[in-house]
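User: Hi! I've got a structure open and would love to walk through it with you. Could you keep me company while I look around?

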Amino acid sequence: GEGSLLIGELEYASDRLNKFSLGLWSYTAAFDRLDADLTTEPVLQRGNHGAYALLDLPVANIGAARVDGSLRIGVADGRFNPVDHCAGATLVVSHALARRPEDTFGVAVAYGRTGDLYRAVQAMAGSPAASAETSYEFTYRAPVTGWLALTPSVQFVSNPGADLAARDAWVVGVRFELSHEKSWPMVAQRASSSGQSQQAANQ
């Protein structure tokens, strides 16, 4: 009853290219425009869709360290989405520490541009919006054990929420990853061996 979100992506990878992808997305449902509250008879409209592209590739090798970089851009329909253009870039360094070869650290910047319609609506509502929100991030990922990894990060956000009334903000956080690997072929092999042993015992 609420429609579907359809996404299609074409991806390519090679020895010299970590990933290159092009994607399209679209909602099947109809939406209110951002300025629906300013009209006497708002009409639901279709066409809430967008596209994105990603390029991720090795940049350099510095000694034992490897540097990878990525660039991503995206667009969305400004009639329905506050952010109609976005771009992001990252640099990730791995194998930089001889004693901790699995550790990685990276820097990133993300930019989201607010659409003309959104800014016009916010201005009429008395809450002028900034033209964009930009965030800068430093992240470090450290595997602590075979099943636990910690990823602390520090971000600086300029114009949070594209709200001109909001002050620039610092955001400090940490993510943790829990993982457990199981070899399914080995499990199947043990189960098969157990079954054969039971069958032999029955005979």
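Analyst: Happy to! One term before we start: strands here are DSSP runs of E at least two residues long, and they are numbered from the N terminus. Phenylalanine 105, for example, sits in strand S6. Keep in mind that this is a predicted model.

User: Good to know. How many helices and strands does the chain have?

Analyst: The chain has 2 helices and 9 strands. Along the sequence the pattern reads β-β-β-β-β-β-α-β-β-β-α.

User: And what share of the chain is buried?

Analyst: Of the 203 residues, 24% are buried.

User: Back to phenylalanine 105: is it buried or exposed?

Analyst: In between. Phenylalanine 105 has a relative accessible area of 30%, so it counts as partly exposed. Its C-alpha atom is 9.9 Å from that of valine 67, and the two residues are 38 apart along the chain.

User: What does phenylalanine 105 help to line?

Analyst: The largest cavity. Phenylalanine 105 lines it together with Val93, Ala96, Leu97, Asp103, Thr104 and Tyr140.

User: How many cavities are there of 30 Å³ or more?

Analyst: The structure has 1 cavity of 30 Å³ or more, and the largest cavity holds about 30 Å³ of space. By class, its lining has 5 nonpolar, 1 polar and 1 charged residues.

User: How does one spot empty space like that?

Analyst: Rolling a probe the size of a water molecule over the atoms shows where empty space is left.

User: Asp103 caught my eye in that lining. Which residue does aspartate 103 form a salt bridge with?

Analyst: Arginine 100 is the partner, with the closest N and O atoms 2.6 Å apart. Aspartate 103 is at 6% relative accessible area, under the 20% cut-off, so it counts as buried. Arginine 100 is partly exposed at 36%.

User: How many salt bridges does the structure hold?

Analyst: There are 10 salt bridges. One of them joins the side chains of lysine 19 and glutamate 11, at 3.7 Å from N to O. Lysine 19 is partly exposed, with 23% relative accessibility.

User: Where do salt bridges link up into a network?

Analyst: Start with aspartate 116 and arginine 113, whose side chains meet in a salt bridge at 3.3 Å, N to O. Salt bridges with shared partners tie Asp84, Arg113, Asp116 and Arg119 into one network. Aspartate 116 is partly exposed at 48% relative accessible area, and arginine 113 is partly exposed too, at 24%.

User: Switching topic: how much space is in the largest pocket?

Analyst: About 180 Å³. The largest pocket is lined by 14 residues, and Val83, Cys86, Tyr111, Gly112 and Glu133 lie nearest its centre.

User: Which strands supply at least two residues of that lining?

Analyst: Strand S5 (83–94), strand S6 (104–114) and strand S7 (132–143) each do. By class, the lining has 8 nonpolar, 5 polar and 1 charged residues.

User: Now the surface. Which residues form a nonpolar patch there?

Analyst: The patch is formed by Leu10, Tyr12, Phe20, Leu22, Leu55, Leu71 and Ile73, with about 660 Å² of accessible area together. The elements giving two or more residues to the patch are strand S1 (5–14), strand S2 (17–27) and strand S4 (65–76).

User: Take leucine 10: is it buried or exposed?

Analyst: Leucine 10 has a relative accessible area of 62%; exposed means over 50%, so leucine 10 counts as exposed. Leucine 10 belongs to strand S1.

User: Last topic, the backbone. Which sign of phi should I expect?

Analyst: Most residues other than glycine have a negative phi. Histidine 95, although not a glycine, has a positive phi of about 60°. Histidine 95 is in the loop between S5 and S6 and is partly exposed, at 37% relative accessible area.

User: What about the phi of alanine 162?

Analyst: Alanine 162 has a positive phi of about 55°, and it is not a glycine either. Alanine 162 lies in the loop between strand S8 (148–158) and strand S9 (169–178).

User: Is alanine 162 buried or exposed?

Analyst: Alanine 162 is buried, with 5% relative accessibility.

User: Lovely, thanks for the tour!

Note on methods
Residues are numbered from 1 along each chain as its sequence is written. This is a predicted model: local features need pLDDT of at least 70, side-chain atom pairs count only at pLDDT 80 or more; totals for chains, interfaces and linings use all residues. Side-chain values use heavy atoms; hydrogens and water are left out. Patches are made of residues with over 30% relative accessible area and no salt bridge: like charges are joined within 9 Å, nonpolar side chains (Val, Leu, Ile, Met, Phe, Trp, Tyr) within 5 Å. Accessible areas come from the Shrake-Rupley method with a 1.4 Å probe; for residues, only the protein chains shown count as cover. A salt bridge is a side-chain nitrogen of Lys or Arg within 4 Å of a carboxyl oxygen of Asp or Glu. Helices (H or I, at least four residues) and strands (E, at least two) are DSSP runs, numbered from the N terminus. Buried means under 20% relative accessible area, exposed over 50%, partly exposed in between (1.4 Å probe, protein chains only). On a 1 Å grid over the protein atoms alone, a cavity is a set of points where a 1.4 Å probe fits but cannot get out, and a pocket is an open set with protein on both sides within 12 Å along at least five of seven lines; lining residues have an atom within 4 Å of a point. Grid points are joined across faces, edges and corners, and a volume is the space filled by probe spheres set on the points. Ala, Val, Leu, Ile, Met, Phe, Trp, Tyr, Cys and Pro count as nonpolar, Asp, Glu, Lys and Arg as charged, and the others, Gly among them, as polar.
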